[in-house]
Amino acid sequence: MSKNLDTLLKEERKFEADPEMIAQSNIKQWMDSHNIKNYEELIEKSNEDLEWFWNEMAQELEWFEPYNQVLDWKPPHAQWFVDGKFNIVHNALDRHIKTSRKNKVAYIWESEAGEVKKLTYFELYREVNRLANALKKMGVKKGDRVGIYLPMILELPIAMLACAKIGAIHSVVFSGFWAKAFQERANDAKAKVAITADGFHRRGKDIKLKDTLDMVMDDIPSIEKVIVVQNTGSNVGMKEGRDVFWDEILKKESAKCETEQLDSEDPLFILYTSGTTGKPKGVLHTHAGYAVGTYTTLKFVFDIKDSDIWWCAADVGWITGHSYIVYAPLLMGATSLMFEGTPDYPDPGRFWKMIGDYGVSIFYTAPTTVRLFMKYGEKWPQKYDLNTLRLLGSVGEPINPEAWIWYHKNAGNRKCPIMDTWWQTETGMHIITPLPITELKPGSTFKPFPTIQADIVDDDGNSLTESGGHLVLKTPWPAMFRTLYGDPDRYVEAYWSKFPGIYLSGDVARKDKNGYFWIQGREDDVLNVAGHRISTAEVESALVSHPAVAESAVVGKPDILKGEEIAAFVILKQEFEASPQLKNQLREHVRESIGPIASPAFIGFVDDLPKTRSGKIMRRVIKAKVKEEDVGDISTLANPESVDGLDRAL
Ligand code: PRX
């Protein structure tokens with residue numbers, strides 16, 4: 001980046017932590033037991049000696065054999081808990097079976113149609129053992145890859161845990177992706193077995209998954225067996241000798257299975273994520289470091305207690321689900337809610353109803369969902385009893401201050417702090433995040449988690465305050481990815497070469513004078529308007545703060561004079577009507593919020609924005625439309641019809 005990013009939108013509101021919340025929090029209790037008086041001292045002590053902090057946390061888990069060294073850091077390669085013998089599944093399941101948690105509910109699952117299933121730790125443990133035995137019989141061994149292509153059903157965590165139990169490496173592909181995505185990833189990982197389902201329910205429709213997979217199976221030569229869960233009960237073609245039903249193989253297996261004693265650094269999973277160019281990146285995580293990192297962050301950031309009902313409303317197919325639906329909650333012995341469906345089906349009250357029905361106490365979702373809730377209005381949360389909520393979370397993209405305030409008021413009844421957690425597939429765990437004991441500013445992800453030194457730097461690596469720059473991490477953390485599967489050079493090149501030994505996140509952010517971080521978006525989402533760098537997220541945030549706007553997406557449109565001018569696509573709240581007057585009002589509003597430079601040259605009203613299935617706006621598609629270029633591959637788009645809407649608005 002040649003110039004600093006101009007930061008034009010400033011948010012001044014603050015929310016202090018509630019003394020009662022502080023007093024009962026896991027982090028405060030931990031600090032008391034380590035003679036640490038306050039947050040500042042916690043940071044000072046843990047940053048001074050990160051091995052001390054992580055060693056303390058690692059001791060809360062069980063090791064088959066102790067490690068000799070907490071960290072071996074030869075940038076950019078880290079080994080954590082060196083020479084230890086460990087298995088994440090021993091800690092997530094086996095150890096609970098010996099305690100009073102044995103019969104505690106691990107998962108409450110609700111289908112889209114409202115069917116409910118509950119699995120206790122003991123039941124989950126036995127199912128995992130059965131599948132682990134079945135996988136072994138199929139010849140799956142330590143280090144082999146298993147491709148998992150399952151919807152949000154209980155068999156998904158079971159499949160992941162069964163692989164990990166025997167030391168196989170799982171590679172979950174989000175079930176909303178087309179089969180081509182599975183094919184590409186399974187081939188990259190050379191998966192030996194695939195686990196899928198007949199189908200799943202989406203907005204009342206029966207989506208066929210096995211049929212979709214069959215379209216590409218001939219092109220995945222490494223797969224020897226396909227295990228099929230009968231979830232919807234629809235007819236599926238089964239290939240003799242290759243395809244087997246989950247229930248049929250599991251009923252033959254014993255519910256006992258030894259957990260493989262692995263090395264700390266043995267791989268746990270590959271999760272593919274998109275990079276700026278071409279091929280997806282196979283982010284590789286390991287057993288011990290990932291376990292310690294996710295366990296610790298869930299314990300301290302979301303403050304899970306045995307009495308809590310935790311709901312992370314992500315899909316297990318993303319890192320948020322891997323870390324905070326599957327592994328960390330089980331490591332904590334928590335009760336989690338897991339949901340097959342979407343927030344607004346059959347009506348916009350679905351999530352609120354479920355929070356009320358199960359007495360959810362901690363709720364973690366994405367800003368896109370919050371903005372969807374805003375669009376439908378306050379009347380929906382008001383219909384339900386949300387009094388059990390005590391803590392809220394946000395992840396995945398910057399949450400606009402207006403959405404933060406709405407969430408705080410309508411979900412949290414103004415009493416629940418919001419943990420806006422910044423992290424990535426690559427980081428595995430929360431990195432820049434509030435704690436329940438810290439003062440919050442809406443729209444800021446607060447400060448780095450204890451031990452982590454994050455910074456904002458210019459192109460030459462100089463630290464910046466109050467202006468935008470590259471978000472980098474200067475210290476290793478246990479849940480860090482270890483490499484890109486099959487592409488170690490890209491690991492070094494993409495993340496560690498711009499500033500050697502320092503992790504380049506690919507995000508731009510700002511640090512204010514109090515050390516709070518404000519994430520502005522991915523580096524390539526930054527506009528250059530008349531020599532000023534402006535984050536699309538900031539303009540979007542300004543637009544969303546107007547009462548008529550539910551959601552917006554901002555992209556750069558090439559302009560001879562300005563370099564780029566701002567093009568904004570806007571979804572209005574239901575009660576507002578599109579008009580030229582409203583366009584002018586919105587321009588004026590952005591002008592007043594950020595400054596004339598950020599006022600959009602073009603505003604188009606649309607019903608929908610092109611989004612990936614994880615809810616992220618696909619700016620690439622919007623950019624192509626604005627530039628009158630070919631939109632390219634839109635197979636990962638959740639709502640292809642939105643592209644026509646862009647055409648009409650232009
Ligand atoms: O741009 C940041 C954004 O999501 C990116 C990581 O995406 P992914 O690997 O798919 O993981 C998403 C879930 C952790 C980041 O580079 N991001 C994530 N959390 C936040 C965020 N942007 C702003 N605020 C956040 N809390």
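This is a short tour of a predicted model, going from the ligand outward to strands, helices and unusual backbone spots.

**Stop 1: the ligand**

Start by selecting the ligand and the residues around it. The shell holds 17 residues, and those that come nearest are D420, T421, Q424, T425 and D507. If you colour the shell by class, you should find six nonpolar, six polar and five charged residues. For the secondary structure behind it, show α12 (319-332), β20 (418-421) and β25, each of which supplies at least two residues of the shell.

Now turn on distances for three polar pairs. A ligand nitrogen atom sits 3.0 Å from a polar backbone atom of G396. On the side chain of Q424, an N or O atom is 2.9 Å from an oxygen atom of the ligand. The side chain of K616 also has an N or O atom at 3.2 Å from a ligand oxygen. How much of the ligand's surface does the protein bury? Taken alone, the ligand exposes 540 Å², and the protein buries 89% of that.

**Stop 2: the β24 and β25 hairpin**

Keep D507 on screen, as one of the residues that come nearest the ligand, and extend the selection to strands β24 (residues 503-511) and β25 (residues 517-522). The two strands run antiparallel, with five bridges joining them. Which residue of β25 is the bridge partner of D507? Pick R522 to see the partner.

Next, follow the chain through the turn. Five residues lie between the strands of this hairpin, and G515 has a positive phi near 85°. Then switch on a surface: five of the six residues of β25 are buried, so this strand is largely enclosed by the rest of the structure. While you are looking at strands, it helps to remember that side chains in a regular strand alternate between the two faces of the sheet.

**Stop 3: helix α13 and what flanks it**

Go to the loop between β17 (335-339) and α13, and select P346. The peptide bond leading from Y345 to P346 is cis, with omega near 0°. Carry on into α13 (350-358), where the buried residues are R350, F351, W352, M354, I355 and Y358. After the helix comes G359, with a positive phi near 65°.

A little further along, select S361, in the loop between α13 and β18 (362-365). Is S361 buried or exposed? Its relative accessible area is 6%, so S361 is buried. Leaving out residues up to four places away in sequence, S361 touches D308, I309, T388, L389, R390 and L391.

**Stop 4: helix α8**

Jump to α8 (residues 179-189) and show the side chains of A179, A181, F182, Q183, R185, A186 and A189, which are buried. A useful guide for reading such a pattern is that an α-helix has 3.6 residues a turn, so residues three or four places apart point the same way. To see what covers the buried residues of α8, add β6 (145-149), β8 (193-197), α9 (210-217) and β14 (267-273), which are among the covering elements. Right after the helix, K190 has a positive phi near 50°.

**Stop 5: backbone oddities**

Most residues other than glycine have a negative phi, and most peptide bonds are trans. With that in mind, visit three more places.

- P76, in the loop between β1 (69-74) and β2 (77-82): a cis peptide bond joins P75 and P76, with omega about 0°.
- R414, in the loop between α16 (401-410) and β20: phi is positive, near 60°, and the residue is exposed, with a relative accessible area of 58%.
- E466, in the loop between β21 (454-457) and β22 (469-473): phi is positive, about 65°, and the residue is partly exposed, with a relative accessible area of 30%.

**Stop 6: a pair far apart in sequence**

Finish by selecting A23, in helix α1 (residues 19-24), together with P436. How many residues apart along the chain are A23 and P436? They are 413 residues apart, and their C-alpha atoms are separated by 9.9 Å. Leaving aside neighbours within four places in sequence, A23 is in contact with K28 and Q29.

Conventions:
Residues numbered from 1 in each chain as written. Predicted model: local features only at pLDDT ≥ 70, side-chain atom pairs only at ≥ 80, totals over all residues. Heavy atoms only, no water. Buried < 20%, exposed > 50% of the residue type's maximum accessible area, 1.4 Å probe, protein only. Helix = DSSP H or I, 4+ residues; strand = E, 2+ residues; numbered from the N terminus. Pairing = 2+ DSSP bridges. Contact = heavy atoms within 4.5 Å. Near = heavy atom within 4 Å. Polar contact = N/O pair within 3.5 Å; in protein donor to acceptor, adjacent residues only side chain to side chain. Areas by Shrake-Rupley, 256 points an atom, 1.4 Å probe, with all protein chains shown as cover. Nonpolar A, V, L, I, M, F, W, Y, C, P; charged D, E, K, R; others polar.
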